[in-house]
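Welcome! Here is a short briefing to help you find your way around this protein. Take a look at the sequence and the structure, then read on.

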Amino acid sequence: MHGPASPGWLLVALCAATGAYCLLRMRSGVEEQRRAAGGEALMGFGMAAMAVPAAAFTPPVWAWPTFAAVFGAAALRALWAARVSAHHLHHLVGAGAMVYMAAAMAAAPAHRHGPGGSGVPLLTGLLLLYFTGYVLLAGVRLLPAAGAGGAAVAWSDRPEVARACRLSMGIGMLAMLLTM
């Protein structure tokens with residue numbers, strides 16, 4: 001993605017760490033959690049790969065269409081899974097955003113937005129609004145409930161860590177959309 005190198009590397013680290021945690025969550029005993037974690041791991045590692053600063057590495061010409069194809073397939077899978085659970089609609093929006101960003105990068109990899117431009121494209125603006133709302137909602141969900149407690153849960157099954165993982169990816173998505 002375009003933008004300064006140091007925030008880009010921080011975004012790579014955040015997304016890769018999130019993807020790694022999601023891989024750990026795939027060992028869960030809960031089938032639905034395993035399924036969601038697989039899609040989230042793909043999203044985390046894909047975001048990490050796309051966030052590598054352009055100054056450090058210029059991907060080959062075939063990389064962006066490949067990202068678009070992979071996340072297009074993930075979007076179709078999320079659309080199919082949304083029949084059962086509305087949570088997958090978020091995965092659909094996230095995968096669609098990744099397809100959009102990959103297509104934008106394939107169309108104009110050297111393009112940089114700057115003063116005098118035509119502003120934020122409509123789809124980018126809508127995605128920014130969606131992910132801003134998602135991040136705010138995910139942040140509120142992390143607040144501890146009064147009197148919350150319970151039985152010991154495996155580290156990879158802790159719901160608050162999974163929520164923090166989703167929050168991190170939402171923040172990462174916002175950062176990527178802003179640097180397009």
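Read from the N terminus on, the elements of this protein run α-α-α-α-α-α. That makes 6 helices and 0 strands. Please keep in mind that you are looking at a predicted model.

**The protein as a whole**

- Of the 180 residues of the protein, 37% count as buried.
- About 9,900 Å² of the protein is exposed, and carbon and sulfur atoms supply 72% of that area.
- Among contacts with a separation of 6 or more, 80% come from residues that are 24 or more positions apart.

**Where α4 meets α6**

- Helix α4 covers residues 87-107 and helix α6 covers residues 159-178.
- The axes of these two helices come within 11 Å and cross at roughly 30°.
- Angles under 35 degrees count as roughly parallel, and α4 and α6 are therefore roughly parallel to each other.
- The crossing in which α4 passes α6 is left-handed.
- On the α4 side, the contact is made by H87, G94, A97, M98 and M101.
- On the α6 side, R166, M173, M176 and L177 take part.
- Sorted by type, the residues of this contact divide into 6 nonpolar, 2 polar and 1 charged.

**A closer look at H91**

- H91 is another residue to find in helix α4.
- Is H91 buried or exposed? Its relative accessibility is 14%, and buried means under 20%, so H91 counts as buried.
- Leaving aside neighbours within four places in sequence, H91 is in contact with A36, E40 and A78.

**A closer look at V93**

- V93 also lies in helix α4.
- With a relative accessible area of 27%, V93 is partly exposed; that label applies between the 20% limit for buried and the 50% limit for exposed.
- Which residues does V93 touch, not counting those up to four places away in sequence? They are L127, Y130 and F131.
- One of these partners, Y130, is 37 residues from V93 along the chain, and the C-alpha atoms of V93 and Y130 are separated by 8.8 Å.

**To take away**

- Helix α4 is a good place to begin exploring: you can follow its contact with α6 through residues such as G94 and M98, then turn to H91 with its partners A36, E40 and A78, and finish with V93, which touches L127, Y130 and F131.

Methods: Residues are numbered from 1 along each chain as its sequence is written. This is a predicted model: local features need pLDDT of at least 70, side-chain atom pairs count only at pLDDT 80 or more; totals for chains, interfaces and linings use all residues. Side-chain values use heavy atoms; hydrogens and water are left out. Axes are lines fitted to C-alpha atoms, for helices over the stretch in contact, and angles run from 0 to 180 degrees between N-to-C directions. Helices (H or I, at least four residues) and strands (E, at least two) are DSSP runs, numbered from the N terminus. Angles under 35 degrees count as roughly parallel, over 145 as roughly antiparallel, 65 to 115 as roughly perpendicular and the rest as oblique. A crossing is left-handed if the near helix is turned anticlockwise from the far one by less than a right angle, and right-handed if clockwise. Contact means heavy atoms within 4.5 Å. Ala, Val, Leu, Ile, Met, Phe, Trp, Tyr, Cys and Pro count as nonpolar, Asp, Glu, Lys and Arg as charged, and the others, Gly among them, as polar. Buried means under 20% relative accessible area, exposed over 50%, partly exposed in between (1.4 Å probe, protein chains only). Accessible areas come from the Shrake-Rupley method with a 1.4 Å probe; for residues, only the protein chains shown count as cover.
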